[in-house]
Amino acid sequence: MSCFSRISLFLLSTGTLSLPVFAMPVETAMPAANIKQMLGQKLMLDLRYYCAQIPVNGQCRTPMTQLPPELFALIRDYDIGGVILFAENLVDIKQIVQLNRDLQQAAAKSTLKLPLFISIDQEGGRVARLPRMLATSFAGNMAIGATYAEHGTAFSSQVGQVLADELLALGINLNFAPTIDVNVNPDNPVINVRAFGEDATMVAELGGAMTAAMQQQGMIAALKHFPGHGDTEVDSHLGLPRVEHSSEQIRNVDLLPFAQIIKQHNPGMIMTAHIQYPALDNTTFVSKDGETMLKPATLSHKILQGVLRDELGYNGVIVTDALDMAGISKFFSHTEAVVQTFAAGADIALMPVKLQHPAELTALSSLLDALQAAVNDGVIAKQELAASYQRIVALKQQYPLLPAIASADKQVQYAQQLLGSAEHRQAELALAKAALTQVKPSSSTLPFTLKTMKKLLLIMPDTQKGQALAAALQHYSKQRFIIDIISLQQTDLSLAAKKIATADVVISGFISPMQSLADIGGMDDLTGIANIAAAYQRQTLQYEHLLPQIKTQHKPHVFLSLRAPYDITRYGQYADIVLATYAYNTAEDVTAMGAGNATYEALAQALLGQYKLTGTLPVTVAASTN
């Protein structure tokens, strides 16, 4: 059922059928704008945190969940073009709806009166900003890739539709998805399961289906990360990756999904990658520390104009990846980064400046002054500025950016009926089940079944994931199990050998690679990445200490690859049964059924033999499963 069909049913039931939920765009004249107003439309601000007072330690960690007057004024006075929301901004439906309405009200009070792009990273799987009990998050792109052989593009289209419907109901009109990077590098720390797979043609088909589904519902899709982040071993949040592909390989692999989707589906936006591609541009720049380096794609006129616009024929809006990422901020000042990316041909600078407390608000005015000077000096061409502004306004006029229901309460009521609905949760579980892949044994016959087991030992990355699987097993089983859990976060494993010895079967799961900054939110989480890395190292050591004990005691053993299936090469040898889920996330209530724990529900049903596994690996995993 389409978004607008759902809306009609809702409004019919509430007696307000004459009012659409989203205002359809109306063809209007291009609003006349001066240089600074056009520049304001080219900025997309991060409002994740805001402190009314200057923090004592200089670092604000107060989530912005209500729009403060000073930020309202900022959007209004500088004709700001868009904002990006993070998990910290999103508490519940009523709060989210009101925040987005207030943001749009601020834009409506500006001189240009252009509505905001209100954006989010709601890819599904690893990267989902809305609370998982609140909204339908799905298992992510590689899970969709695992369904391709059996179901084609069906799940990609369905996921795109549901994501769009739920976001639009909240007033969010731009989704930074789908990720169409081709993950050809098993050691990729930041993409891996965010990609549909390693085959460029499959990625293009699935990415195109998701793009079409989102945009048909009225949601602007933003393909990422151009020209491709699939063959990197450096996270661009932390450094500047370099892809040494030949020109031929770039066009046959990295660019192919972008080229095909541009041709077939006219994506509203494309996001740049902070990545060096010497075969596309070997131009150098001198960093703020005096180092001579190759230009990354975000700052490359040859790549953004020469490849994306001239070669691939893209006429839509180009948005940068976050400019606070180390792939840019390590080498440029904030102002220089924005100037250079606009000079290269980007239309929108994402997260160009920090605005987390009153003392930082003047940074926006200073940035706009510097950008205006760059235009006046010819560093940013006036003709290109005007063309960029026209592309932005044209996109805003093409999509329904504003809720049309006068009453916020009516919008909240509609969103409450739609988000995480029974129909959407059924689709979420269906994807998790269709994606689940049996890697070992290669035959459909399993060496044992839980139906003959009573005492289960779960060895999981943390207690929450163990509890989620235990709850699902008890829920779907006709018999009662005795289930014990070992968390790989615990430090005392003195009883582990005894627990293994007394178990009828061991089910262990691991998450590889460790969380990236994309998973947890972005550069504002950088201070905690060292703790995450240390915890991940401890978990790995704990797990690799326990695996030989399971094998030595000849216990029936199921290994669950809970993220990127490449770890099957390392750990599959210890298990009789190996399953790949491509997803590991739990909802806030880990024991809830039909409320965000679909991966564990699918696993429980599979382990109980309640359905046939049809998922197939969408990436190559080196054999080590004997």
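Helix α9 spans residues 256-265, and its buried residues (under 20% relative accessible area, with a 1.4 Å probe and protein chains only) are P257, F258, I261 and I262. Helices here are DSSP runs of H or I with at least four residues, strands are runs of E with at least two, and both are numbered from the N terminus. The model is predicted: local features need pLDDT of at least 70, side-chain atom pairs count only at pLDDT 80 or more, and totals for chains, interfaces and linings use all residues. Residues are numbered from 1 along each chain as its sequence is written, and side-chain values use heavy atoms, with hydrogens and water left out.

Why do the buried residues lie on the same side of α9? They cover an arc of only 125 degrees around the axis, so they share that side; the arc is taken from the directions from the helix axis to the C-beta atoms. The face turned away from the buried side carries K263 and Q264, which are exposed (over 50% relative accessible area). The cover over the buried residues, judged by contact (heavy atoms within 4.5 Å), includes α7 (200-217), β7 (220-226), α8 (247-254), β8 (269-272) and α10 (301-311).

**Backbone exceptions**

Most residues other than glycine have a negative phi, and most peptide bonds are trans. The table lists two residues and two bonds that depart from this.

| Item | Value | Place |
|---|---|---|
| D79 | phi about 50 degrees | loop between α3 (69-77) and β2 (82-85) |
| N266 | phi near 50 degrees | loop between α9 and β8 |
| A177 to P178 | cis, omega near 0 degrees | P178 in the loop between β6 and α7 |
| K224 to H225 | cis, omega near 5 degrees | H225 in strand β7 |

D79 is buried, with a relative accessible area of 3%. N266 has 47% relative accessibility and counts as partly exposed (between the 20% and 50% limits).

**Sheet and cores**

An open sheet of eight strands has parallel pairing and the order β11-β8-β7-β6-β3-β2-β1-β12. Strands pair if DSSP finds at least two bridges between them. The edge strands, β11 (317-319) and β12 (349-350), each pair on one side only. Inside the sheet order, β3 (residues 117-120) and β6 (residues 174-175) run parallel and are joined by two bridges. S119 has L174 of β6 as its bridge partner.

A nonpolar core is a set of buried Ala, Val, Leu, Ile, Met, Phe, Trp, Tyr and Cys residues joined through side-chain atoms within 4.5 Å. The largest has 147 residues, and L43, L103 and L371 have the most contacts inside it. Helix α6 (residues 154-170) gives the most to this core, with nine residues. Another core, of 34 residues, lies apart from it and has L450, L469, V505 and A606 among its members.

**Rings**

Rings of Phe, Tyr and Trp (its six-membered ring) pair if their centres lie within 6.5 Å; planes under 30 degrees apart count as stacked, over 60 as edge-to-face and the rest as tilted. There are eight aromatic pairs by this rule. One of them, F559 with Y571, is edge-to-face, at 5.9 Å centre to centre and 65 degrees between the planes. F559 is in strand β17 (residues 557-561) and Y571 in helix α21 (residues 568-571), twelve residues apart. F559 is buried at 0% relative accessible area, and Y571 is buried at 2%. Both belong to an aromatic cluster with F510, Y536 and Y543.
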